[in-house]
Amino acid sequence: MNSKSRLILLSRSSRLVPLTIIPSLLGLMVVILWVAVKSPPLSDAGLWSSTQVTITVVCVTMLATIYAALVAKALEPPMIDRAEVFFAWLHVKFPKLEPVFEWIDERMSHYFARPATGPSTPRTRARVFKFLLVLLIGQLATSIVVIFTPITVTLTKEYSLQIPGAGYFVLKQGDDPAIFPCTGAASPGVPWVDLTYKWVDEDGREYMTRFSGGKSCPGSRVVPLVASINTGNRSRYAYLDSGVAVHQSAMGAPQTLFRGPELMEHIALHGTSLFKTEQCVPVLVRNPVSCERKGSLETKDDIRVIFSLDLLDADGEPLIRAANFNYRNLTKDSVMLNYLFSGSDFTKSTVGHGIIAVSGITDPKWKTPFAGDLARVMNESEPYTHQNYTAVCTVQATNSFEYRTVTLHLDNRNEEDENDNNNNNGFDFNGYTRFLSAGDRCVPKVETVGFPHYAAAMVAQYLPIMEGFPLDGRINSILRLANSNNKSDFAFSGSKNALEDVLGVIAALGVSTMNATDGVTGEIMEGIVSVDVTGFKSDPWPTALLLGPPVLTLLVIVWFYWPFSAPSCPTRGNGPEETEQGWFLGSVGSYSHAQSGNEPGRMLPLPLQAI
């Protein structure tokens, strides 16, 4: 076969074979980009079993190996031929590179064949490209295996949940007062519902909330939760509810976030693969309770105590709280007189406003220092020098709420968060598998904070404040929590003393326990659930690096068609196939021998076709 016919055959074969590979490489690149951007899941309800993953990896590896072998088989012959032309072109175009070639020959002589005598030829040197091709094809197979190997990825989905809204029940004329739920309003002229606190707005509408009775309301739901308030290290969590550790940033977040039917449905669907939910809900970020030393005490007979709050009642008379302690003798016993007043008890009040009166009297022999215990939680410097002590606390939650993105963490995974200041490796769940925390401010689609929330924060104080009445009046639960409270580690950053800080957390518990049975409207909020599912590579930039092998393969094919042109180059030899320097130029069709007259050794250049 003469050199020209060899050139034509080589050109045709190297053009036709790679063209069958190009569409598959382009398709592979599109798939890799799609995986990098979309991170498609292979399931939407959980993780694959290890058997499924293993079978998939084996099948993908086999297919990737077969595909890479076909690509290598198609590219090897034209690649070596093209490299032969390329080395011949380099020899003619850059003769000074000959020492470099010789250096390569010397280093690669153990791996690639070279003539028994004489220097290497372009054909011999071109075989180094076969080695490079093997490396490239190996990386191509690796990219396919990596991109299509199932791994655990995070799937986020929107979900809807119902939380307590700002609307409320309205009791109308003729309605049975017994149907009144926990919170609501009454039209003018409707009789006062028993066991409720009441406020009246400028239009004469009465707002009421139950503080006691047979119904389950925020005022009674907080009682079993008070003992769960954390006063040891508030930076870990503020209180516990249903096995959920609630961070101080998420106090007052609705219980429906971790107890609602919407979450239960997703847990039933996804199981342990569900690890996080996020939603924009209101939380208490400022303490709605403020306490100060105020008022005075007066004892009557041996059993009666009168607490004057230095405030006026609705009739303009001094607001007082008087009670009889029939089981105590004030001449020798200690007592505490405490009470929660609503807006109907004093003037100049707003809806949801409340006043807490707290006082203590120590017995004459100082055996049970009730006054000193109260003074201590008020952060008095010398608490046990007081034989009687009074304090008045204001409860007003109208400016205490903000909407925050609240995250419910459903597993104890190593996840960093801005609220986790004491454990750089992730949340410390303190043995609890669920953790509730709040992040940045957010804007809800619907405003949900209103009178029911203010009333819940206020009425939550009633039963804890009335704990010891009518025995000795001592509020053991509150004093225990407040006495162990670290002054530098309050739940609310604005708290001035331990008493108001604990009462503020109780207010948050009251707000949190609100639900649709309380007579409030339910508002639908949008949230996001995050689920561990089986899918493909999920990190965009590392996944995009897998484009390297197919892109390089395409560049190699483009190199097949890049034109090389070389100037005429006289040779020093006279052989029909080999020049003096040992180059077999005629074997690639780049040069042909022509004899014209007495010039048997002259070589005529042929244009180097793009192959």
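In this predicted model, L63, I66 and L70 make a nonpolar surface patch of about 320 Å². L70 has its place in helix α3, which spans residues 50–93. The relative accessibility of L70 is 52%. Exposed means over 50%, so L70 counts as exposed.

The strands come next. An open sheet is formed by ten strands, and its pairing is mixed. Their order is β3-β4-β2-β1-β17-β7-β15-β16-β6-β5. The edges are held by β3 (196–200) and β5 (239–241). Each of these two has a single partner strand, so one side of each is left without a neighbour in the sheet. On average, neighbouring strands of this sheet are turned by 25° against each other, direction ignored.

Strands of a sheet pair through backbone hydrogen bonds, and the pairing is either parallel or antiparallel. For β3 and strand β4 (residues 206–210), the sense is antiparallel, over five bridges. At the level of single residues, K198 has M208 in β4 as its bridge partner.

Helices also meet the sheet strands. Helix α12 (residues 451–459) lies across β1 (151–171), β2 (183–186), β3, β4, β15 (401–409) and β17 (520–535). Its direction runs at about 85° to β1. Helix α15 (residues 498–512) packs on the sheet as well. The strands touched by α15 are β5, β7 (274–284) and β15. The direction of α15 makes about 20° with that of β5. Strand β15 thus appears in the lists for both helices, α12 and α15.

Notes: Residues are numbered from 1 along each chain as its sequence is written. This is a predicted model: local features need pLDDT of at least 70, side-chain atom pairs count only at pLDDT 80 or more; totals for chains, interfaces and linings use all residues. Side-chain values use heavy atoms; hydrogens and water are left out. Two strands pair if DSSP finds at least two bridges between them. Helices (H or I, at least four residues) and strands (E, at least two) are DSSP runs, numbered from the N terminus. Axes are lines fitted to C-alpha atoms, for helices over the stretch in contact, and angles run from 0 to 180 degrees between N-to-C directions. Contact means heavy atoms within 4.5 Å. Patches are made of residues with over 30% relative accessible area and no salt bridge: like charges are joined within 9 Å, nonpolar side chains (Val, Leu, Ile, Met, Phe, Trp, Tyr) within 5 Å. Accessible areas come from the Shrake-Rupley method with a 1.4 Å probe; for residues, only the protein chains shown count as cover. A salt bridge is a side-chain nitrogen of Lys or Arg within 4 Å of a carboxyl oxygen of Asp or Glu. Buried means under 20% relative accessible area, exposed over 50%, partly exposed in between (1.4 Å probe, protein chains only).
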